[in-house]
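Thanks for coming. I'd like to walk you through a few strands today. Have a look at the screen.

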Amino acid sequence: MSVNPLAVSLPGLDLKNPIIPASGCFGFGKEFNKFYDISQLGSVMIKATTPEARFGNPTPRVAETPSGMLNAIGLQNPGLEVVMTEILPDLRRNHPDLPIIANVAGSTQDDYVTVCREISQAPNVKAIELNISCPNVKHGGITFGTDPLVAGKLTEAVKKVSQVPVYVKLSPNVTDIIPIAQAIEAGGADGFTMINTLLGMRIDLKTRKPILANQTGGLSGPAIKPVAIRLIHQVAGVSNLPIIGMGGIMTVDDVLEMYMAGASAVGIGTINFTDPYICPKLIDQLPGRMKELGIESLEQLIKDVREARRG
């Protein structure tokens with residue numbers, strides 16, 4: 001029996017390949033199914049779900065930048081009830097073997113607990129991605145992901161109610177990511193996804209005002225890949241938890257660079273907007289590039305990278 005060199009086994013996720021569209025860049029999956037059968041993907045990180053429907057931020061909320069884009073969408077989504085009764089069942093009917101990673105967001109700890117308790121019961125949700133880059137309204141607007149104590153407590157609360165493994169999405173907008181990652185691990189997280197977007201701004205020269213109605217937005221795209229590589233390498237140096245790496249991936253070499261930094265799978269984000277076929281292209285191209293580089297399998301590459309770090 002031949003072994004699949006692209007297969008990766010992570011907590012809750014037996015992936016036939018490591019290619020996972022990142023949350024917020026792929027809708028709820030069906031939007032891309034008109035281009036190709038999304039069942040061939042390793043998994044899909046669906047758009048963030050909050051307890052109630054959110055319209056999102058006022059427009060304009062997207063702006064191009066050199067080698068990337070700014071977005072301030074504002075977690076627009078139809079709310080937990082619609083996701084549970086319509087979107088997830090539809091995905092299960094049409095793609096029964098596709099594992100779903102549900103991105104969860106909120107304004108309070110109770111929001112996260114409510115959504116995680118419910119959404120983790122969906123049969124096709126195999127893991128949760130905890131979006132901690134949200135402002136905590138009960139703590140004066142501080143972002144959950146910038147305070148180790150707050151991040152650790154949130155992780156612990158969610159782990160108590162979730163029926164599936166919990167991956168926490170780390171924010172790069174911090175002075176030192178290590179104590180935050182360590183607090184989240186101590187809170188019981190099963191893994192990390194990283195990185196989220198970098199905070200940025202653009203200004204219209206004619207109006208002399210910020211282009212985005214929200215003023216600031218999250219910078220994504222190839223411009224942030226070196227930052228993602230650095231932070232993944234840092235976190236992998238202090239934690240053995242698996243990391244789903246993301247941030248500016250465009251090519252198979254980018255995928256493998258994430259692995260060599262310490263990732264165990266990858267999220268494909270902004271490039272989906274400019275090339276909606278990028279995910280199947282990467283899946284097709286990976287085996288050939290791995291062979292050229294003498295990589296037997298991704299599981300073996302993960303072991304080799306970890307051993308090299310220890311040695």
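One term before we start: two strands count as paired if DSSP finds at least two bridges between them. And keep in mind that this is a predicted model.

Start with strand S5, residues 62–65. S5 pairs with strand S6, residues 68–71, through four bridges. The two run antiparallel. For one contact, take Thr65: its bridge partner in S6 is Gly68. S5 and S6 form a hairpin with two residues between the strands. There, Ser67 takes a positive phi near 60 degrees.

Now the side chains. In a regular strand they alternate between the two faces of the sheet. Which residues of S5 are buried? Ala63 and Thr65, and they point to one face. Val62 and Glu64 point to the other face and are not buried.

Next, strand S16, residues 265–268. Here too the side chains split: Ala265 and Gly267 point one way, Val266 and Ile268 the other way. But in S16 all of them are buried.

What pairs with S16? Strand S3, residues 19–21, is one partner, parallel, over three bridges. In that pairing, Ile20 stands opposite Gly267. Strand S15, residues 243–246, is another partner, again parallel and joined by three bridges. There, Ile244 has Ala265 of S16 as its bridge partner.

How does the chain get from S15 to S16? It goes through helix H6, residues 252–261. That β-α-β crossover is right-handed.

To recap: S5 and S6 run antiparallel, while S16 pairs in the parallel sense with S3 and runs parallel to S15.

Note on methods
Residues are numbered from 1 along each chain as its sequence is written. This is a predicted model: local features need pLDDT of at least 70, side-chain atom pairs count only at pLDDT 80 or more; totals for chains, interfaces and linings use all residues. Side-chain values use heavy atoms; hydrogens and water are left out. Buried means under 20% relative accessible area, exposed over 50%, partly exposed in between (1.4 Å probe, protein chains only). A crossover is right-handed if, with the strands pointing away from the viewer, the path from the first strand over the helix to the second runs clockwise.
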